[in-house]
Amino acid sequence: MNLIDLRSDTVTRPTDAMREAMLRAPVGDDVYGEDPTVNALQERLAGELGFAAALFVPTGTQSNLLALMAHCERGDEYIVGADAHTYRFEGGGAAVLGSIQPQPIPQAADGTLPLDKVEASIKPVDPHFARSRLLALENTWHGRALPFDYLAQAREVATRRGLGLHLDGARLYNAATAYGRPARDVVAGFDSVSVCLSKGLGAPVGSVLLGDTALIERARRWRKVAGGGWRQAGMLAAAAMYALDHHVERLADDHARAARLADGLRAIDGLDVTGCHTNMVFVDVPAPRLKDLATRMANAGVRLSIGYLPSVRLVTHLDIDDEGVDRTIAAFASFAY
Ligand SMILES: *Cc1c(COP(=O)(O)O)cnc(C)c1O
């Protein structure tokens with residue numbers, strides 16, 4: 001029985017065609033800036049998304065960290081969602097490694113940071129306070145594409161109040177798919193953007209940070225300091241290129257499967273489907289039944305993310321097909337809640 005792994009879209013394995021592309025990739029030493037495939041990936045994404053420069057890095061966590069350290073100095077502050085990945089799920093890296101103070105703001109249900117609260121949190125210029133420097137947003141957030149109009153409103157506040165604007169766009173292409181717009185339009189107002197290739201796009205490793213030339217040069221320096229200066233990374237960049245060529249349009253299939261999964265689960269007594277956004281479905285299960293459910297699902301060959309969020313999260317991706325959706329619904333339906 002093959003396993004249906006709905007824990008995250010990070011679990012995808014490179015396809016045979018992707019592995020072929022990796023095998024043939026021309027490579028060089030990227031610390032010297034000499035890996036042709038890395039350079040091609042960086043130039044391509046910068047061009048496509050409308051930025052002057054880009055930097056290929058091992059993880060989204062490092063990409064966000066380098067962005068924060070490129071925007072802020074010791075004693076500066078970034079404003080961020082209290083449930084944002086950057087604040088909550090990256091080990092506090094900005095504070096630990098960057099001496100950058102976070103100013104968390106509770107997200108609204110749609111993932112936005114209410115802009116009146118953002119403005120109210122900006123500190124006066126006074127030695128008592130950290131220097132408010134940056135507003136960091138996340139899109140998609142828990143699968144939700146932020147309201148498109150909000151992006152321009154956030155840009156207006158950032159400009160008026162002298163803040164930089166960073167986007168954790170780990171799932172930028174899922175957001176673009178949800179809006180039905182080119183990814184370039186989604187990132188248009190941002191000073192820096194981090195994009196993951198290893199989530200729904202299915203590359204084994206890698207994120208890209210985008211920004212202007214000066215910001216990317218600072219990030220490149222911090223990448224080396226953080227031990228992220230890699231050498232013949234072109235084989236990984238080739239996987240990323242392959243993903244951009246072949247795995248962007250198909251994200252719509254993941255979204256359609258998530259919607260079908262949500263419909264199937266809604267019909268089951270005792271289950272409360274609390275959300276279905278892009279490639280993620282959220283389900284509330286009565287708390288005393290969670291442990292038994294986890295065991296039952298494991299026995300049925302279905303892996304779920306239980307315990308990180310208040311709800312059970314199910315994520316569709318490249319390795320989940322229609323049969324996997326059907327088997328998951330059937331496994332949920334065979335359990336008494
Ligand atoms: C996965 C993720 C990251 C970090 O990516 P890693 O490559 O796992 O370090 C950052 N932000 C969001 C929203 C993510 O989902």
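Helices (H or I, at least four residues) and strands (E, at least two) are DSSP runs, numbered from the N terminus. By that rule, Ser63 sits in helix 3 (residues 60-71).

This is a predicted model, in which local features need pLDDT of at least 70, side-chain atom pairs count only at pLDDT 80 or more, and totals for chains, interfaces and linings use all residues. Residues are numbered from 1 along each chain as its sequence is written, and side-chain values use heavy atoms, with hydrogens and water left out.

**Two buried positions**

Burial is judged by relative accessible area: buried means under 20%, exposed over 50%, and partly exposed in between (1.4 Å probe, protein chains only). At 0% relative accessibility, Ser63 counts as buried. Contact means heavy atoms within 4.5 Å. Setting aside residues up to four places away in sequence, Ser63 touches Val57, Ser194, Ser207, Val208 and Leu209.

Ile105 belongs to strand 4 (residues 101-105). Ile105 is buried, with a relative accessible area of 5%. Beyond its neighbours within four places in sequence, Ile105 has contacts that include Ile79, Val80, Gly81 and Ala82. Leu113, Pro114, Lys117, Val118 and Ser121 are also among the contacts of Ile105. The C-alpha atoms of Ile105 and Ala84 are separated by 9.4 Å, and these residues are 21 residues apart along the chain.

**Nonpolar cores**

In soluble globular proteins, nonpolar side chains tend to be buried together. A nonpolar core here is a set of buried Ala, Val, Leu, Ile, Met, Phe, Trp, Tyr and Cys residues joined through side-chain atoms within 4.5 Å. The largest such core has 54 residues. Leu49, Leu135, Leu137, Tyr173 and Leu210 have the most contacts inside it. Helix 11 (residues 234-246) supplies the largest share of this core, 7 residues. Another core, of 24 residues, lies apart from it, and among its members are Leu271, Val312, Val325 and Ile329.

Leu137 touches Leu113, Tyr150, Ala154, Leu165, His166, Leu167, Asp168 and Phe190, not counting residues up to four places away in sequence.

**Helix 8 and its partner**

Of the 8 residues of helix 8, 6 are buried, so this helix is largely enclosed by the rest of the structure. The buried ones are Leu172, Tyr173, Asn174, Ala175, Ala176 and Tyr179. Gly180 follows helix 8 and has a positive phi, near 65 degrees.

Two packed helices are described by the angle between their axes and the distance between the axes. Axes are lines fitted to C-alpha atoms, for helices over the stretch in contact, and angles run from 0 to 180 degrees between N-to-C directions. The axes of helix 8 (residues 172-179) and helix 12 (residues 251-266) come within 9 Å and cross at roughly 75 degrees. Helix 8 and helix 12 are therefore roughly perpendicular to each other (angles under 35 degrees count as roughly parallel, over 145 as roughly antiparallel, 65 to 115 as roughly perpendicular and the rest as oblique). Helix 8 brings Tyr173, Asn174, Thr177 and Ala178 to the contact, and helix 12 brings Leu251, Ala252 and His255.

**Salt bridges**

A salt bridge is a side-chain nitrogen of Lys or Arg within 4 Å of a carboxyl oxygen of Asp or Glu. By this rule the count comes to 23 salt bridges. The table gives some of them.

| Pair | Closest N to O distance |
|---|---|
| Arg7 and Asp5 | 2.6 Å |
| Arg133 and Asp76 | 3.1 Å |
| Asp191 and Arg155 | 3.2 Å |

Arg133 lies in strand 5 (residues 131-138) and Asp76 in strand 3 (residues 76-81), so the pair ties together parts that are 57 residues apart in sequence. Arg133 is partly exposed at 35% relative accessibility, whereas Asp76 is buried at 1%. In the Arg7 pair, Arg7 is partly exposed at 28% and Asp5 is buried at 12%. Asp191 is partly exposed at 30%, and Arg155 is buried at 19%. Salt bridges that share partners also join Glu119, Glu156, Arg160 and Arg161 into one network.

**Backbone exceptions**

Most residues other than glycine have a negative phi, and most peptide bonds are trans. The peptide bond from Asn139 to Thr140 is cis, with omega near 5 degrees. Thr140 is in the loop between strand 5 and helix 7. His142 lies in the loop between strand 5 and helix 7 and has a positive phi, near 45 degrees. Thr278 also has a positive phi, near 40 degrees. Thr278 is in the loop between strand 9 (272-277) and strand 10 (280-284), and is buried at 13% relative accessible area.
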